[in-house]
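Visitor: Please take me through one part of this structure closely. Then carry on from there to the rest of the architecture.

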Amino acid sequence: MPNNKSSVSHEKKKKKRKIPLAVKCILIIIILLGIALTLFFFYIKQQTNPYRIATKYAETFMSKDVSALFRVTGLKEDTFTTPETFRSYLQERLNYDKISAYNMVEFSNAKDENTKQYGITWQTNERNREYSQTLTLKKSAQKLYFFFDNWEIDTSEFLAQNCSLNAPAKAAVFIDNIEVPADTDSSQTTNLSVYKLGSLFPGRHTITVKMADFTDFSTTINMESGDYSKQKIYTITPSMLKITAETEKTLIKDGENLIRDIYKYALAGKSFKKLADIYTFEDTSEQRLEQAYNALITNHIKPATHLTDVSFTSYNASTATTYAEDGCYAIKVSANVDYTANSVVVKESTAEGGGFRQSKSGPGSSFFTITFHYKKGIWSISDTTALDACIYYIKY
C-alpha cells in the first residue's frame, strides 16, 4: 500500500524550491547592476588616474591633432586662445611640427598630495634637439561622481592670464591683427584707455596702434605665462606716436593762420570770441589766452602810439613733440615770421617843443611758437607766444 504521507511531503519540498519569475528578474538585475557598477568604478578610476591623463596628453600631442590637444588640455576658447593660436604657441616653444618621440617621467618632488608633475622630453629627428616641458596636474576640490578624485591639467603654465594694456584714448588697438575694444573711458590725468585682452598664449605678440592723424605704431613683446592682473603688459603713451606728414602740414598751416588772425581781429577790435569761433582752444588754457589777447589790444592797439596794420611776407615753421603735463600728445610749431608793420607814433606837446603825430612803417621779424594738444581725437591750441609778445613796430 503506497505511503501517502511521504508523497505529500515530497510535493511540498518541490513547491518550496520553486522561485517566482519576478524574483529571478530582480536578482538578475541586481547582479548585472553590480557588475556594471564594478566596471564603471574601474573605468572611472582608470580615466581619472593622473598618470593616464598625462599619457593621454602626450599621445594626443604626438597625434598632431591640435584641436583634440586643445580639448585634452582643458583650455577655453576665447578671442586670443584658439586651437590655431595654440598651434602657433606650441610651434614657437616646442617645435611642435618636428616632434617625433617623447619620454615622460613622474617627478617625486611634487608640491603636495594634490599636485602631480610629469617631466616630458620631446624629441625631434634632428640630432641633439630636445625640448623639455613640465606638465602639472592638480586635484580638484570637487569630487567626480561624489567619490573619485578629479585630476585636471593645470593650464596656468600654458597661459598669460588677465592681460591688459594702456593706449591713447580713441586709438584702435590690435593684438596679432585682432582688434581689441577699449574697456574703460580714458583717464583724465593720462589720456590713456585700458584695453582688456583676457588670456594670451606665452610667446611673441605684435601690438599695433592706429589713430587718425598718426602713423601706425607697432611693437612686438614676448610674454611669459603668469597672472598679469596687477600690471599692464604694455603701455603706449602719446609721445611714442608720430604724426603723419599730412597732419604736420595741417598744424603748420593752422599755426600760420592763427598768427595772422590774432592781428587781423585785434586790429579790428574784435573780441577773443571771434578767434574761439574759428579755432579750438584747450579748456584749461582758453581763459589765460583770452586775457593775453585782451592785453595785446590794450597795450598795442588802443594807446595813442599804436600798431595800425601788419602785412605778413613769409612764414617758415617746423614741428616737434613736446612735454604735456596731462600726458596727452603735444606738438609745438615753431615759426619764424617776416612782415611789414605800420604804426602811428604820437608825441604830445610839451614846454620844450611841440608834439606830433606820424605814420611809420618798417620791416620786422619775430619768432613764435604754437602748442597743439591731441585729446580724444581732437587737436586743440594749448598755448602760443604770439599773444605774449607783440610783433615789432616803430614806436618812436
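Visitor: Which residue follows helix α4, and is its phi positive or negative?

Guide: One caution before the answer: this is a predicted model. The residue after α4 is G74. Its phi is positive, near 90°.

Now the helix itself. α4 covers residues 66-73, and its buried residues are V66, A68, L69, F70 and T73. These buried residues have three packing partners: α3 (50-63), α5 (83-94) and β4 (151-153). So much for the close look; the sheets come next.

Take β5 and β8 to begin with. Strand β8 spans residues 192-200, and 7 of its 9 residues are buried, so the rest of the structure largely encloses it. β5 (residues 160-168) pairs with β8 in the antiparallel sense, over 7 bridges. At one of these positions, P168 has L192 of β8 as its bridge partner.

P168 also appears in the lining of a cavity. A search of the whole structure finds 2 cavities of 30 Å³ or more. The largest has a volume of about 60 Å³. Besides P168, its lining includes A169, N191, M211, P238 and L241. Y329, Y374, K375, K376 and G377 complete the list. By class, that lining has 7 nonpolar, 2 polar and 2 charged residues.

Next, an open sheet of 4 strands. Its order is β7-β6-β9-β10, and the pairing is antiparallel. β7 (178-180) and β10 (217-223) are the edge strands; each has a single partner strand, so one side of each has no neighbour in the sheet. From one strand to the next, the twist averages 30°. Within this sheet, β9 (residues 203-210) meets β10 over 7 bridges, in the antiparallel sense. I207 stands opposite T219 of β10.

There is another open sheet of 4 strands, with the order β13-β14-β15-β16 and antiparallel pairing. Here the edge strands are β13 and β16 (378-384), each pairing on one side only. The twist in this sheet averages 25° from one strand to the next. β15 takes in residues 356-375, and 6 bridges join it to β16. The two strands run antiparallel. H373 is set opposite S380 in β16.

Two helices lie across strands of that sheet. One is α6, which crosses β13, β14 (329-347), β15 and β16. Its direction is at about 160° to β13. The other is α8 (residues 283-300), which lies across β13 and β16. It runs at about 45° to β16.

That leaves the second largest cavity. Its volume is about 30 Å³. E256, I259, R260, F312, S314, Y315 and V337 form the lining. Two elements give two or more residues each: α6 (245-267) and β13 (306-321). By class, the lining divides into 4 nonpolar, 1 polar and 2 charged residues. The same elements have already come up together, since α6 lies across β13.

To return to the starting point: α4 has buried residues that pack against α3, α5 and β4, and the helix is followed by G74, with its positive phi.

Technical notes: Residues are numbered from 1 along each chain as its sequence is written. This is a predicted model: local features need pLDDT of at least 70, side-chain atom pairs count only at pLDDT 80 or more; totals for chains, interfaces and linings use all residues. Side-chain values use heavy atoms; hydrogens and water are left out. On a 1 Å grid over the protein atoms alone, a cavity is a set of points where a 1.4 Å probe fits but cannot get out, and a pocket is an open set with protein on both sides within 12 Å along at least five of seven lines; lining residues have an atom within 4 Å of a point. Grid points are joined across faces, edges and corners, and a volume is the space filled by probe spheres set on the points. Ala, Val, Leu, Ile, Met, Phe, Trp, Tyr, Cys and Pro count as nonpolar, Asp, Glu, Lys and Arg as charged, and the others, Gly among them, as polar. Buried means under 20% relative accessible area, exposed over 50%, partly exposed in between (1.4 Å probe, protein chains only). Contact means heavy atoms within 4.5 Å. Two strands pair if DSSP finds at least two bridges between them. Axes are lines fitted to C-alpha atoms, for helices over the stretch in contact, and angles run from 0 to 180 degrees between N-to-C directions.
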